[in-house]
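Please look over the structure shown below before reading on. The report takes the reader through its sheet, some of its loops and its internal space.

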Amino acid sequence: MALWVKICGVRRLQDVEAVRASGADAIGFNLVPASPRFIPEAALGPLFDAARDLERVAVVADRSQVELFELLERFAFDRVQLHGHESAELLANLDARFYKAVRIADAADVARAQSMPGERVLVDASVPGMLGGSGRQLDVALLPGLVAARRVVLAGGLTPDNVSAAVRAVRPFGVDVASGVETAPGEKDAARVRAFVAAARGA
């Protein structure tokens, strides 16, 4: 199975084009107001339309089930990445478009990731006070059992320089990058986006 590659936190039309040109599978739009990569829904329309040939992923945090489905009525996202403190019970009431992001610091966090319903689970570094996008790497030695059981999307501190080694070490279903291909939060570097996708796939 080909490695799934997502470029996350896109806020500019030229960056949508960079993601498309890179050959990535998916693009992420961050709808979490506290994030430096936040894009309000009022500004999302042109980017969402421009990305229609990519898998479009909404990144959200701590919305209710009703609010999540209302979002999908406004924008037909292919996937929704839940990056807050969502429970396994909430996930169980959602469909296959939804998957949980779990911050990993130790084996207990891995067990929590394993307990989350859904086909996919994203793992990111656990950094106090941050829901994600910290640029920190997690301890991949914690992941083999989870990767054997689930479609794991690896995030956290990935760059064009280290993604190849990370993919070889973890063998995840996919990889997800935001800060590792940026010049500033929400501003992608087209050359780094291309290099990231090439390095990830080359692994």
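How many bridges join strand 3 to strand 4? In this predicted model, strand 3, made of residues 55–60, is joined to strand 4 by four bridges, and the two strands run parallel.

## The barrel as a whole

The pairing just described belongs to a wider arrangement, in which eight strands close into a barrel in the order 1-2-3-4-5-6-7-8, with parallel pairing. Neighbouring strands of this sheet are turned against each other by 25° on average, when direction is ignored.

Within the pair formed by strand 3 and strand 4, a residue-level example is Val59, whose bridge partner in strand 4 is Gln81. Strand 4, which covers residues 79–82, also pairs with strand 5 in the parallel sense, here over three bridges. In that pairing, Leu82 stands opposite Lys100 of strand 5.

## Strand 5 and its surroundings

Strand 5 runs from residue 98 to residue 104, and seven of its seven residues are buried, so the strand is largely enclosed by the rest of the structure. Its residues point in two directions: Phe98, Lys100, Val102 and Ile104 face one way, while Tyr99, Ala101 and Arg103 face the other way, and all of them are buried. The charged residues Lys100 and Arg103 are thus listed among the buried residues of this strand, and they point in opposite directions from it.

On its other pairing, strand 5 is matched with strand 6, which holds residues 120–125, in the parallel sense over five bridges. Two examples show how these strands are aligned: Lys100 stands opposite Val121 in strand 6, and Val102 stands opposite Val123 in strand 6. Between these two strands the chain passes through helix 5, residues 107–115, and the resulting β-α-β crossover from strand 5 to strand 6 is right-handed.

## Strand 6 and the helix before it

Strand 6 is mostly covered, for six of its six residues are buried. Apart from its bridges to strand 5, strand 6 pairs in the parallel sense with strand 7, residues 151–154, over four bridges. In this pairing Arg120 stands opposite Arg151 of strand 7.

Helix 5, through which the chain reaches strand 6, contains Ala111 and Ser115. Ala111 has a relative accessibility of 48% and therefore counts as partly exposed, and Ser115, at 45% relative accessibility, likewise counts as partly exposed. From Ala111 to Leu146, which are 35 residues apart along the chain, the C-alpha atoms are separated by 8.2 Å. For Ser115 and Asp161, which are 46 residues apart along the chain, the separation of the C-alpha atoms is 32 Å.

## Two loop residues with positive phi

Asp62 lies in the loop that connects strand 3 with helix 3, the helix of residues 65–74. Its phi angle is near 60°, which is a positive value in a residue other than glycine. Is Asp62 exposed or partly exposed? With a relative accessibility of 45%, Asp62 counts as partly exposed.

Arg171 is found in another part of the chain, in the loop between helix 7, residues 163–170, and strand 8, residues 174–177. Phi of Arg171 is near 55°, again a positive value in a residue other than glycine. Arg171 counts as exposed because its relative accessibility is 55%, and the cut-off for that class is over 50%.

## Space inside the model

Rolling a probe the size of a water molecule over the atoms shows where empty space is left. How many cavities of 30 Å³ or more does the count give? The count comes to one cavity of 30 Å³ or more, and about 30 Å³ of space lies in the largest cavity.

The lining of the largest cavity is formed by Gln137, Leu138, Val140, Leu154, Gly156, Leu158 and Ala166. Sorted by class, this lining has five nonpolar residues, two polar residues and no charged residues. One of the lining residues, Leu154, falls within residues 151–154 of strand 7, the strand that pairs with strand 6.

Terms used
Residues numbered from 1 in each chain as written. Predicted model: local features only at pLDDT ≥ 70, side-chain atom pairs only at ≥ 80, totals over all residues. Heavy atoms only, no water. Buried < 20%, exposed > 50% of the residue type's maximum accessible area, 1.4 Å probe, protein only. Pairing = 2+ DSSP bridges. Right-handed = clockwise from strand over helix to strand, strands pointing away. 1 Å grid on protein atoms, 1.4 Å probe; cavity = no way out; pocket = protein on both sides within 12 Å on 5 of 7 lines; lining within 4 Å. Points joined across faces, edges and corners; volume = space filled by probe spheres on them. Axes fitted to C-alpha atoms, helices over the stretch in contact; angles between N-to-C directions.
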